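Here's a quick tour of a structure worth opening in your viewer. Have the sequence handy as you read.

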Amino acid sequence: MYRYLANRSFLRLLFIVNLLGAVYGYIWYIPQLKITEPRFWVFVPDSPTAILFFVFVLMAWLAKKHWPLMEALAFVCLVKYGLWAVGMNIAYMINLGYLDTMSLTLLTSHGLMAVQGLVYAPFYRIKYEHFAIAAIWVLHNDVIDYLFGQMPIYGGLDQYITTIGYCTFWLTIFVLWTVYEKTLKKDSFKLEFPHEA
């Protein structure tokens, strides 16, 4: 599998798909951004920003380089917001009482975000300082979302904001632990791209 993941043609395809996904994601957030104070804009479109971080990672890899800070931000954010959106869309459909096509689409695309972040873990070259910045980013984002009320809008789930915020905090901790295990732990599995061998 890793041979295909490291293939430059596949990386180019992934770059295009992720770039289009980021653009679509930012467009999807326009209605919420219109009612958001400008000082919070950077913290509202969580998933498109996570994808954009990975676009920068792919750009670096295609240029035969590493960008460890972007790798840390991409890994943490792809997994955190991918899993978060999967959970939120399941909760949304349970609250609706039926399967919703848009929610199923978002559930699938965000699930793939998380998978994408995880499967490339052996290729990341993250150091502790990059991990610390990514951790501060997502924890700060949780504060903005749940103390300043900037969580992405999911109709009908506002009444559960306290529970969602609590679960999100522990999801963040779980994701940070996972990233540590996969990239910083001494015996973590590492791979090189063919051009690095």
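What follows covers the annotated membrane spans, the nonpolar core and the cysteines.

## Annotated spans

Keep in mind that this is a predicted model. An unreviewed UniProt entry lists "transmembrane region" for residues 9-28, 40-61, 73-94, 106-124, 131-148 and 160-180.

Let's look at two of those. Residues 9-28 are 100% helix, with the end C-alpha atoms 29 Å apart. Residues 106-124 come out at 74% helix and 0% strand, and here the end C-alpha atoms lie 26 Å apart.

## The nonpolar core

The largest nonpolar core takes in 48 residues, and Phe54, Trp61, Trp84, Tyr120 and Tyr124 have the most contacts inside it. At least two residues apiece come from α2 (8-28), α4 (46-62), α5 (68-96), α7 (128-147) and α8 (161-184). The top contributor is α5, with 13 residues.

Phe54 is a good place to zoom in. Leaving out residues up to four places away in sequence, Phe54 touches Leu14, Asn18, Ala74, Leu78 and Gln116. Trp61, Tyr120 and Tyr124 are on the contact list of Phe54 too.

## The cysteines

How many disulfides does a search of the whole structure find? The count is zero. Cys77 is in no disulfide, and the nearest cysteine sulfur, that of Cys167, sits 19 Å away. Cys167 is likewise in no disulfide, with the sulfur of Cys77 as its nearest cysteine sulfur.

Are these two buried or exposed? Cys77 counts as buried because its relative accessibility is 1%. Cys167, at 46% relative accessibility, counts as partly exposed.

Note on methods:
Residues numbered from 1 in each chain as written. Predicted model: local features only at pLDDT ≥ 70, side-chain atom pairs only at ≥ 80, totals over all residues. Heavy atoms only, no water. UniProt positions renumbered as here; feature names shortened; annotations may be inferred. Helix = DSSP H or I, 4+ residues; strand = E, 2+ residues; numbered from the N terminus. Core = buried A, V, L, I, M, F, W, Y, C linked by side-chain atoms within 4.5 Å. Buried < 20%, exposed > 50% of the residue type's maximum accessible area, 1.4 Å probe, protein only. Contact = heavy atoms within 4.5 Å. Disulfide = S-S within 2.5 Å.
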